[in-house]
Amino acid sequence: MAAATPASPQGSGAPDIVVGPLDLAARVDEALAVQARAFGLSQDEIDVRRHIVLRHLDHPQARALGATTADGRLVGFVYGLPNSRTHWWSTVVEPYLRATGSDDWLDDSFVITELHVHPEFQQRGIGRSLITTITDAVGQPRSILSAIDTESPARGLYRALGYRDLARQVLFPSAPRPYAVMGAPLPLRRG
């Protein structure tokens with residue numbers, strides 16, 4: 001795993017945030033609390049996601065990083081793993097990627113499974129630090145992810161890092177809104 005690095009948060013009075021390895025299995029409830037605040041999840045959705053996260057962590061190449069305050073409060077996290085066409089996510093997005101001629105992105109890619117920053121800590125460079133730190137440490141030549149298909153600060157960040165839309169209006173079962181699948185060569189763009 002990557003060494004801890006300052007996230008360089010901006011804004012007066014912002015606490016120092018450190019990005020470093022995260023034992024996500026041990027802190028899954030804290031991470032899901034961050035995701036719930038950032039993404040507006042119900043308790044039922046949190047319960048389902050808890051099982052999904054723990055199952056993903058069984059993969060030997062799964063990686064997780066956390067963003068913590070000086071007193072150890074988890075305020076952001078990212079995790080991902082090398083993609084496999086047999087993963088549920090891949091089976092859902094593959095037809096959409098095939099339709100755009102982009103299904104080769106499912107091979108030899110690192111998937112950003114989740115990236116969330118607590119709303120009180122957003123717009124401080126924490127998400128950027130989390131995603132660049134985790135992807136800098138992987139062996140795949142590119143990264144893929146899915147994001148709600150709307151213009152948002154998250155989509156703006158991904159574009160700034162070099163991600164581009166591979167497919168849009170991707171429908172996941174039980175998701176209320178469509179998603180976009182995005183991909184970027186690694187290392188991610190800086191600056």
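This tour moves from the whole chain to its cores, one helix, one buried arginine and the aromatic pairs.

The model is predicted, so local features are given only at pLDDT of at least 70 and side-chain atom pairs only at pLDDT 80 or more, while totals for chains, interfaces and linings use all residues. Residues are numbered from 1 along each chain as its sequence is written, and side-chain values use heavy atoms, with hydrogens and water left out.

**The whole chain**

Begin with the full chain in cartoon view, where there are 5 helices and 8 strands, helices (H or I, at least four residues) and strands (E, at least two) being DSSP runs numbered from the N terminus. Followed from the N terminus, the elements run β-β-α-α-β-β-α-β-α-β-α-β-β. The C-alpha trace spans about 50 × 40 × 35 Å along its principal axes. A compact globule of 191 residues would have a radius of gyration near 16 Å, and the chain agrees with this because its own value is 16 Å; the radius is taken over C-alpha atoms, and the globule rule is 2.2 Å times the number of residues to the power 0.38. Of the 191 residues, 47% count as buried, where buried means under 20% relative accessible area, exposed over 50%, and partly exposed in between (1.4 Å probe, protein chains only).

**Residues 17-187**

Select residues 17-187 next, which an unreviewed UniProt entry annotates as "domain: N-acetyltransferase"; such annotations may be inferred rather than shown by experiment, their positions follow the numbering used here, and feature names are shortened. Over this range the chain is 33% helix and 30% strand, with the end C-alpha atoms 23 Å apart.

**The nonpolar cores**

Now show side chains and select I112, L130, I131, L145, Y158 and Y163, which have the most contacts inside the largest nonpolar core, a set of 26 residues. A nonpolar core is a set of buried Ala, Val, Leu, Ile, Met, Phe, Trp, Tyr and Cys residues joined through side-chain atoms within 4.5 Å. Among the elements that give two or more residues to this core are β5 (109-117), α4 (126-136), β6 (142-148) and α5 (153-160). Apart from this core lies another, of 15 residues, among them L97, I144, V170 and V181. Centre the view on I112, which, not counting residues up to four places away in sequence, touches V78, Y79, I131, I134, T135, S143, I144, L145 and Y163; contact here means heavy atoms within 4.5 Å.

**Helix α4 and R142**

Colour α4 by itself, and 9 of its 11 residues prove to be buried, including G127, S129 and T132. Then move to R142 in strand β6, which counts as buried because its relative accessibility is 18%. Leaving aside neighbours within four places in sequence, R142 is in contact with residues that include D104, D107, D108 and A184.

**The aromatic pairs**

Finish with the rings, which form 3 aromatic pairs in the structure; rings of Phe, Tyr and Trp (its six-membered ring) pair if their centres lie within 6.5 Å, and planes under 30 degrees apart count as stacked, over 60 as edge-to-face and the rest as tilted. Y158 and Y163 make an edge-to-face pair, because their ring centres are 5.8 Å apart and their planes stand at 65°. Both Y158 and Y163 are buried. F172 and Y179 are also edge-to-face, with centres 5.2 Å apart and planes at 90°. F172 is buried, with a relative accessible area of 10%, and Y179 counts as buried at 13%. Add W88 to the selection, since ring pairs link W88, F172 and Y179 into a cluster.
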